[in-house]
Structures are given as C-alpha cells and as structure tokens.
Amino acid sequence: MTWTLATPLVLPFLTAVLAFLARYGAAGRWFSVAGNAILLGASILLMARVLDQGVIATQMGGWAAPFGITLVADYLSAVMVVITAITALAVSVYALSDIDERKEHLGYHALFNILIGGVVGAFLTGDLFNLYVWFEVMLISSFGLLILGGKKEQIDGGIKYVTLNLISTILFLSGIGLLYGMTGTLNMADMARAIDTVENQGLVTVVAMMFMVAFGVKAAVFPLFFWLPAAYHTPAFSVSAVFAGLLTKVGVYALIRMFTLVFDGDIGFTHQILLWVAALTMVTGVLGAAAQNDMRKILSFHIVSQIGYMIMGLALLTPLAVAGAVFYLVHHIIVKANLFLIAGVAERTAGSTNLDRIGGLYKSAPLLAVLFFIPAFSLAGFPPLSGFWAKYVLVAAAIEIEGWIIAAVALLVGLLTIFSMTKIWAEAFWKPHPEGVDPELTRLTPQARRNLLIPIAALAAMTLVIGFSPDPFVTFAKDAAAQLLDPTAYITTVLGGEA
Amino acid sequence: MEALIAITIGVLVAASVYLMLARNVLRFIFGLVLISNAANLTIFVAGRLTEGAPPLIPVGADGPVGDVANALPQALVLTAIVIGFGLFAFALVLMFRAYSTLGTLYSDDMRIAEPRTEDKT
C-alpha cells in the first residue's frame with residue numbers, strides 16, 4: 001500500500017544520485033533512461049491502484065493525519081504522475097543525443113531527475129507546506145537546468161525567471177502561514193473541513209487571492225507570465241521541452257487542487273476573477289505568439305495561451321468544465337513537450353529556429369513534417385486530433401451554462417492558434433531554405449536520428465491515440481472532475497488513515 | 001508583541017518593495033532577502049506567540065506540562081530559512097555571472113534573450 005505511493009517519489013531521487021555519480025561516463029545518461037522507464041512502470045501501478053480504489057493515501061513516518069505528512073493520489077494526481085513519467089522518459093531518451101558531454105559533466109541528468117522528483121512530489125503530496133517544499137525542489141533544479149551551459153541569453157532569461165519565481169514563492173509561503181494561522185492545520189484535506197469554521201471569511205478570500213497570484217506566476221497566467229517567454233527559448237531543447245510540458249502545469253494543478261478543495265467558499269468572487277484571467281491569458285498569449293518569429297518563442301507564447309483554456313475549465317467549475325480542464329492538461333503536456341523536441345530537430349537539420357533563416361523541411365524531411373503536423377494541429381484544435389476534443393469539451397461546458405463570451409473567446413483563440421501554427425508550417429516547412437541547404441534528416445548521425453526521433457514519434461502516436469479514441473479519456477476526466485468537485489472521498493481517505 | 005512584529009513585517013515589506021522596484025538587480029536581490037524574512041515572521045506570528053514557554057518535555061514526563069509555545073511554526077520557519085538561504089546563494093551567484101558575462105546589473109540593459117525590434121538586424 002505505502003510503496004505504491006512512495007515509489008514514484010523515491011525513484012527520481014535515486015536515479016539522480018546514480019546519474020550524478022556516473023556523470024563522467026556513458027552510464028550516467030543510461031541511468032536516467034532506465035530510471036525513468038522504471039518510474040513509468042511505477043506510475044502505471046499507482047494508476048491501476050487508484051482506478052481500483054478511487055483515492056489512496058498513506059501517512060509518512062506513521063504519523064496519523066493531520067499531524068504527519070500525507071501522500072495522497074486521486075484520479076487527477078495519478079494521471080499527472082503517469083504523464084510526468086511519460087514526458088520524463090521521452091525527454092531522457094531525447095537527451096541522449098541532445099545534451100553534450102560538457103553539460104553531462106556539470107550534472108545535467110542529476111538535475112533533470114531531481115526536477116522530475118519535485119514535480120511528482122507536488123502532484124502526490126496532501127500537505128500544503130510539503131507542497132511548498134516540492135515547489136522549491138522543482139524551482140532550484142529548474143534554475144540549474146535553465147542556465148546550464150552559461151550562454152548570454154541563458155543568463156539573461158535566467159535572471160527574469162529566477163526573480164519572478166522567487167517572488168511567487170514568497171507569496172505562497174506567506175499565504176501558507178496565514179492559512180495555518182486561521183485553520184490551525186497544514187493538511188489539505190483537514191484544511192478543507194476547517195476552513196468553513198473560520199469566523200472571518202473575508203480574510204479567507206484575501207488569502208485565496210495570495211494563492212491565486214502565487215500559483216498564477218507558476219502557471220504563467222495573464223498578467224504574470226512575462227518570465228516565461230523571456231526564458232523558455234534559451235536553454236537546451238530537452239530542457240525547454242520538459243519545462244514547457246511540466247512546470248507550468250504544476251502551477252495549474254496546484255490552482256485546481258486549492259480552488260476545488262480549500263477555496264470553494266466564495267466562488268462568485270474568486271472564480272469570476274479566474275474567468276477573466278483565463279480569457280485574457282488566452283488572448284494575450286496567442287497575440288504574443290503572432291508577433292514572434294522564432295519557433296521556440298512562438299511555442300512559448302502558445303503555452304501561455306493554452307494555460308488560459310485550463311484555467312477557463314477551473315473557473316467555470318461545472319463537472320464538464322473541470323473534466324475539460326483535466327483532459328486539456330493531459331493532452332497539452334504531451335503535445336507541447338513534443339513540439340519543443342521537434343524544434344530541436346529542426347535546428348539540428350536546418351540550422352536555426354529563427355523562421356527567417358530556415359525552410360525546406362517539408363521537401364527534405366517529410367517524416368519530420370508529418371511528426372510536426374500531428375502535435376501542431378492538435379494544439380490548434382483540428383479534428384480529430386486530441387486538442388479538438390479538449391477544446392470541444394471546454395466550449396461545450398461554457399455553452400451549457402450560457403457563458404457565451406468565454407466560449408467565443410475560446411473559439412477565436414483557437415482560430416488564431418491555427419494562424420500561428422500555419423506560420424511555422426509555411427516558413428519552416430514549405431518555403432525553400434533561404435541558403436539553399438537541404439535540411440535532410442540524414443545530416444544527423446544514425447544514432448542521433450534514432451534517439452531524437454523515437455520519443456517524438458512515440459509522443460505523436462499518443463496524441464493520435466487520444467484523438468481517435470477519446471471516449472475512455474473523456475470518461476476518465478469526468479470521473480476525475482467528479483472527485484474534485486465532491487472531495488468527500490479525498491477527505492475521508494486522508495483523515496481516516498490507511499484505507 | 002504581536003503589534004510590534006506586525007509593524008516590523010510592514011516596514012520590512014515596504015523597504016523590500018522599494019528595493020525591488022529598482023532597476024539594479026543587486027538591489028532587487030536585497031529586497032528579496034528582506035521580504036523573505038517578512039514572510040518568515042508572518043508564519044511565526046500567525047502560529048500565535050506564547051512568551052517564555054519553550055516547547056520542552058520535562059524529564060520523565062510523556063508530554064509537555066502546562067502551556068507551551070506552538071513548535072510547528074518554528075519548524076516551518078526553520079525550513080523556510082534554510083530553503084531561502086539556498087535560493088539566495090544561487091541568486092547571488094547568478095547576479096555575479098550576469099555582471100561578468102552581460103557586463104551590466106541594470107535590468108533595462110538585459111535584452112539579449114528578448115532583443116528590442118530596433119536592435120534586431
């Protein structure tokens with residue numbers, strides 16, 4: 001029982017230690033791949049257990065909740081852990097050829113696995129202060145990964161990333177302190193019970209706003225997203241892929257968790273703000289992307305825009321809308337990580353990610369073009385790819401409660417997303433290469449081709465699977481939403497000890 | 001005592017916001033140190049202050065006797081201080097690297113990752 005929950009958490013740190021010790025040899029990178037493959041197995045076991053029992057919880061160190069630290073997994077946590085493991089495995093295979101020896105000697109693989117450990121910890125913990133600690137684990141390893149290599153752009157982007165994230169951390173910490181002062185507990189399930197008995201509910205709303213801003217910075221919502229497009233295009237491609245896939249989504253996860261479990265007292269106020277934030281995030285993100293001319297910068301702004309859709313699902317707070325948000329999270333992580341990986345291959349073959357300087361990929365590398373087409377137009381919401389169903393569920397949820405404006409914004413942003421995806425498609429793939437180079441995939445060594453293309457193809461295949469058989473995934477997302485909106489099972493499992 | 005600490009927190013936050021609004025990133029970092037200490041004090045005071053009653057268990061007893069201070073906020077603050085120290089050390093080194101590679105500490109001049117349109121040639 002205990003081990004199903006603790007294994008996915010322990011594995012990345014174990015891998016990190018091994019990878020660090022073996023960082024001067026080839027063994028280090030293979031430890032990373034093997035560790036993440038085992039992590040995927042462990043997370044699937046966890047998923048099976050959660051599907052079987054609903055919510056599972058375990059008390060660390062044998063201290064009964066709410067006094068000890070609880071690890072807890074419901075549907076949402078479990079699926080996030082699985083998707084984290086998938087992304088981690090894909091990126092660790094990609095990194096075999098993407099990360100040069102110098103970065104390996106500096107401990108890339110160790111940092112990467114610590115980052116994964118932090119992400120998994122944030123998804124599995126049931127304790128608010130422990131969530132803060134996992135955020136910090138994630139943050140410090142992401143700092144390291146971001147500036148690894150020490151190029152000028154990396155230092156420049158790193159400063160903005162570090163400073164803005166540290167401010168959010170401090171807001172989060174103060175919020176925890178105040179919430180503890182009011183409820184006398186740090187256990188999230190216990191807090192959900194205790195928060196209703198707080199006399200001054202106005203103060204609860206104030207603290208809720210502190211959490212909204214703190215997690216909002218992490219999730220990169222409007223108007224707190226400026227660190228993201230400043231930093232995400234600077235590090236190695238493996239790093240920006242895992243950042244793009246996972247980091248902001250931890251912020252979204254924390255928002256969903258706190259604003260369904262704890263801060264559901266003043267929905268008219270908090271979730272109205274979230275709805276505005278969602279609409280503005282979608283619009284500013286996609287407009288920012290339209291102004292960019294570099295593949296990774298366009299994709300970075302698209303992260304911001306897509307986060308808006310997930311926040312929209314949370315803000316509407318109907319069963320269908322939250323299900324849409326969960327579905328969107330899962331689909332988005334796979335697609336977004338994949339697009340950054342593809343940008344890496346484009347740079348390796350065509351020489352740049354700047355759209356003015358590349359071209360001809362469709363003619364010379366049709367395989368890459370197909371592999372790009374799937375996630376790119378899934379992101380834009382083409383039927384029958386996974387993004388179409390994600391957007392469909394969310395827009396249907398908005399129309400269901402007659403939120404015409406937000407539905408219209410969501411559809412309009414979808415259109416604009418298509419516009420910027422066609423821009424990448426036309427510039428990088430269709431137009432001939434400006435320097436007359438043939439960016440064929442054979443310019444890569446056979447080994448690099450294998451390591452770079454297999455993860456991309458696997459992730460694209462997953463996008464297709466979700467796209468062509470969305471039913472089980474939508475059903476799962478609806479179950480997850482039901483659990484989130486009625487957290488009775490979550491609370492009783494955590495507080496009732498080993499269930 | 002609460003009032004005194006509350007005022008201290010207010011002064012710390014005000015000073016740190018003033019520092020963080022500066023264009024010099026070194027001043028920003030100093031502001032960050034101040035505000036993280038303000039956050040630590042917030043946790044401490046939100047856990048209720050009990051004066052002169054350390055949370056100690058007398059020899060031979062199974063639990064604390066009489067009124068004792070809440071030990072949890074102290075543990076939280078300790079954790080936060082340690083983490084904050086690590087992050088601060090990293091941030092300082094990053095600023096130093098920024099100064100040696102970019103040659104400036106003014107955030108307005110840090111436009112290498114996102115060049116202005118007129119700089120793009």
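Select chain A and consider its contacts along the sequence: among those with a separation of 6 or more, 80% join residues 24 or more positions apart. The model in the viewer is predicted. Colouring chain A by secondary structure brings up 21 helices and two strands. The radius of gyration of this chain is 21 Å, and the globule rule gives 23 Å for 499 residues; the two values are close, so chain A is as compact as a globular protein of that length. Along the principal axes, the C-alpha atoms of chain A occupy a box of roughly 70 × 55 × 40 Å. Of its 499 residues, 65% count as buried.

**The two domains of chain A**

Next, colour residues 1–265 together with 486–499 as domain 1 of chain A, and residues 267–468 as domain 2. The C-alpha centres of these domains are 23 Å apart. Where they meet, domain 1 of chain A contributes 38 residues and domain 2 of chain A contributes 40 residues. On the domain 1 side, select helix 3, helix 9 (201–219), helix 10 (227–231) and helix 11 (237–261) of chain A, each of which supplies at least two residues of the side touching domain 2. Helix 11 of chain A has the largest share of that side, with 13 residues. By class, the domain 1 side that touches domain 2 in chain A holds 28 nonpolar, seven polar and three charged residues.

**Helix 7 of chain A**

Now select residues 152–183 of chain A, which form helix 7. At 1.5 Å a residue, its 32 residues should span 46 Å, and the end C-alpha atoms are indeed 46 Å apart, so the expected and modelled spans agree. How many residues of helix 7 of chain A are buried? The helix is mostly covered, with 28 of its 32 residues buried. Step just past the end of helix 7 of chain A to find A:Gly184, which takes a positive phi of about 75°.

**Helix 19 of chain A**

Move to residues 446–468 of chain A, the 23 residues of helix 19. A span of 33 Å is expected at 1.5 Å a residue, and the end C-alpha atoms lie 32 Å apart, which agrees. Where does helix 19 of chain A bend? Centre the view on A:Leu453, where the bend is about 25°; a proline, A:Pro455, follows within four residues. Both A:Leu453 and A:Pro455 are among the buried residues of helix 19, which also include A:Leu452, A:Ile456, A:Leu459 and A:Met462. To show what covers the buried residues of helix 19, display chain A elements including helix 3 (75–98), helix 14 (319–350), helix 16 (366–379), helix 17 (386–400) and helix 20 (470–485).

**Chain B and its contact with chain A**

Finally, select chain B, which has three helices and zero strands. Its radius of gyration is 21 Å, well over the 14 Å that the globule rule gives for 121 residues, so chain B is more spread out than a compact globule. The C-alpha trace of chain B spans about 75 × 30 × 20 Å along its principal axes. Buried residues make up 27% of the 121 residues in chain B. Among contacts in chain B with a separation of 6 or more, 51% link residues 24 or more positions apart.

With both chains shown, 27 residues of chain B are in contact with 26 residues of chain A. Highlight helix 2 (25–46) and helix 3 (71–102) of chain B, each supplying at least two residues of the side that touches chain A. Helix 3 of chain B gives the most to that side, with 13 residues. By class, the side of chain B touching chain A consists of 19 nonpolar, six polar and two charged residues.

Conventions: Residues numbered from 1 in each chain as written. Chains lettered and ligands numbered in written order. Predicted model: local features only at pLDDT ≥ 70, side-chain atom pairs only at ≥ 80, totals over all residues. Contact = placed C-beta atoms within 7 Å. Nonpolar A, V, L, I, M, F, W, Y, C, P; charged D, E, K, R; others polar. Rg over C-alpha atoms; globule rule 2.2 N^0.38 Å. Buried ≥ 20, exposed ≤ 12 C-beta atoms within 10 Å, placed from the backbone. Expected span 1.5 Å × (residues − 1). Bend = angle between axes of the 7 residues up to and from the residue. Domains from an automatic or database assignment.
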